[in-house]
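Student: Can we go through this protein together, step by step? I'd like to ask the questions and have you reason them out.

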Amino acid sequence: MPEQMIAQIEPVEVVRDAEGWWFHPQYLAEPEFEDVEYIPREQFEQYIAARGIEVTFTRMEGDNDEEFERYCETGDADCSRWTPTPPPGDGWFMLSIHDTEDDGPVCVWGRKVQGGAA
């Protein structure tokens with residue numbers, strides 16, 4: 001049986017919903033991640049390495065503390081006023097803007113690893 005080809009994640013236009021959330025249509029789109037609330041670090045690292053990307057995170061806290069304070073104080077799940085700061089360097093594209101239990105809103109950035117698979 002031939003080995004299944006792993007879909008590479010490519011940059012796409014980011015269109016956030018009314019509350020500012022967004023998820024790349026190719027990021028964690030496999031059926032095994034449907035309705036999963038937590039992915040163990042090792043499994044996540046295998047996932048991104050297999051797709052030849054590296055990732056980094058921008059947390060609202062520290063990136064826009066005024067907006068983070070408003071977000072926490074109001075209890076409103078709206079992060080639409082936050083524009084995440086991209087990481088330094090070239091080639092980064094957005095993978096998601098989502099809420100986390102421990103860190104609040106985060107933006108996940110990805111870029112292709114130089115020379116192919118990680």
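Tutor: Sure, and one term comes before anything else: accessible areas come from the Shrake-Rupley method with a 1.4 Å probe, and for residues only the protein chains shown count as cover. Also, this is a predicted model, where local features need pLDDT of at least 70, side-chain atom pairs count only at pLDDT 80 or more, and totals for chains, interfaces and linings use all residues. Residues are numbered from 1 along each chain as its sequence is written, and side-chain values use heavy atoms, with hydrogens and water left out.

Student: OK, what share of the area that the protein chain exposes do carbon and sulfur atoms supply?

Tutor: Start with the total: the protein chain exposes about 7900 Å². The part supplied by carbon and sulfur atoms is 49%.

Student: In what order do the elements of the protein chain run?

Tutor: Helices (H or I, at least four residues) and strands (E, at least two) are DSSP runs, numbered from the N terminus. The protein chain has three helices and four strands. Read from the N terminus on, the order is β-α-β-α-α-β-β.

Student: Which residues in helix H1 are buried, and what arc do they cover?

Tutor: Buried means under 20% relative accessible area, exposed is over 50%, and partly exposed is in between (1.4 Å probe, protein chains only). In H1, which is residues 41–50, the buried ones are Phe44, Tyr47 and Ile48. They sit on the same side of H1, because the arc they cover around the axis, taken from the directions from the helix axis to the C-beta atoms, is only 90°.

Student: Which strand is included in what covers the buried residues of H1?

Tutor: Look just past the helix: H1 is followed by Gly52, whose phi is positive, near 70°. The cover, going by contact (heavy atoms within 4.5 Å), includes residues 53–59, and that strand is E2.

Student: How many disulfides does a search of the whole structure find?

Tutor: A disulfide is a covalent bond between the sulfur atoms of two cysteines. Here the test is a pair of cysteine sulfur atoms within 2.5 Å. The number found in the whole structure is zero.

Student: How far from Cys79 is the nearest cysteine sulfur?

Tutor: Cys79 is in no disulfide, and the nearest cysteine sulfur belongs to Cys107. Cys79 is buried, with a relative accessible area of 0%, and Cys107 counts as buried at 0% too. The distance to that sulfur of Cys107 is 9.2 Å.
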